[in-house]
Structures are given as structure tokens and as C-alpha cells.
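Please take a moment to look over the structure shown below, and then follow the paragraphs that come after it.

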Amino acid sequence: MARRFPSICLAMFVGALSVGSADARNRPLPDSNSLTPIVEASPTLAPFQHVRFCLRYPSDCKSNPTENERIDLDAQTTNC
């Protein structure tokens with residue numbers, strides 16, 4: 001099995017490269033009139049790894065409702 005491991009890895013790598021050749025760059029862009037806007041319908045769950053992190057390090061995930069740290073996004077605070 002140990003001798004076959006490099007061959008198996010190479011085969012998986014070559015397979016992954018061939019799957020990625022769908023070339024999305026050549027697809028036509030959708031018509032902007034047919035795009036559906038994103039609608040906020042209901043709350044979503046937190047990412048699972050964030051939940052695991054907070055379970056492991058609860059002191060790092062505590063929030064203080066009395067803190068008023070608000071960052072307004074404007075030309076000065078964004079780097080785009």
C-alpha cells in the first residue's frame with residue numbers, strides 16, 4: 001500500500017485538474033434584468049466552525065451589550 005500511495009495521489013491530482021476544466025470564463029454573463037436580488041427572509045445559522053470555536057473558547061466569544069463599537073463603512077474605513 002505504501003508503494004501505491006504516490007501513484008494514487010498523482011491520479012487524484014490529475015483527476016482534479018481535469019474536472020476543473022469546465023472553464024467558467026467562457027460562459028456568457030447572465031442578463032442583468034433576469035437576476036434575482038438577495039432577499040433576507042429569515043435568520044441563518046452561524047458557521048459550524050465558529051460554533052465549535054465558541055464552545056472551546058467561550059471567553060473569546062462573549063459579547064458586551066453595553067459596548068457601542070460601531071464601525072461605519074465609508075470611503076475612509078473601506079480599502080476598496
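How much area does the chain expose, and what share of it do carbon and sulfur atoms supply? In this predicted model, the chain exposes about 8700 Å², and 58% of that area is supplied by carbon and sulfur atoms. The chain has 80 residues, of which buried ones make up 1%, and its secondary structure consists of two helices, with zero strands.

Turning to the cysteines, the reader will find that the structure holds one disulfide. A disulfide is a covalent bond that joins the sulfur atoms of two cysteines. Here the partners are Cys 54 and Cys 61, whose sulfur atoms lie 2.0 Å apart, and the link between them is left-handed, with an angle of -80° about the S-S bond. Cys 61 has a relative accessibility of 28%, and because buried means under 20% and exposed means over 50%, Cys 61 counts as partly exposed.

The aromatic rings come next, and a search of the whole structure finds one aromatic pair. In that pair, the rings of Phe 53 and Tyr 57 have their centres 5.0 Å apart, and their planes meet at 45°, so the pair is described as tilted. Tilted is the word for planes that are neither under 30 degrees apart, which would count as stacked, nor over 60, which would count as edge-to-face. As for how open these two residues are, Phe 53 is partly exposed at 37% relative accessibility, and Tyr 57 is also partly exposed, with a relative accessible area of 36%.

Methods. Residues numbered from 1 in each chain as written. Predicted model: local features only at pLDDT ≥ 70, side-chain atom pairs only at ≥ 80, totals over all residues. Heavy atoms only, no water. Helix = DSSP H or I, 4+ residues; strand = E, 2+ residues; numbered from the N terminus. Buried < 20%, exposed > 50% of the residue type's maximum accessible area, 1.4 Å probe, protein only. Areas by Shrake-Rupley, 256 points an atom, 1.4 Å probe, with all protein chains shown as cover. Disulfide = S-S within 2.5 Å. Phe/Tyr/Trp six-rings, centres within 6.5 Å; stacked < 30°, edge-to-face > 60°.
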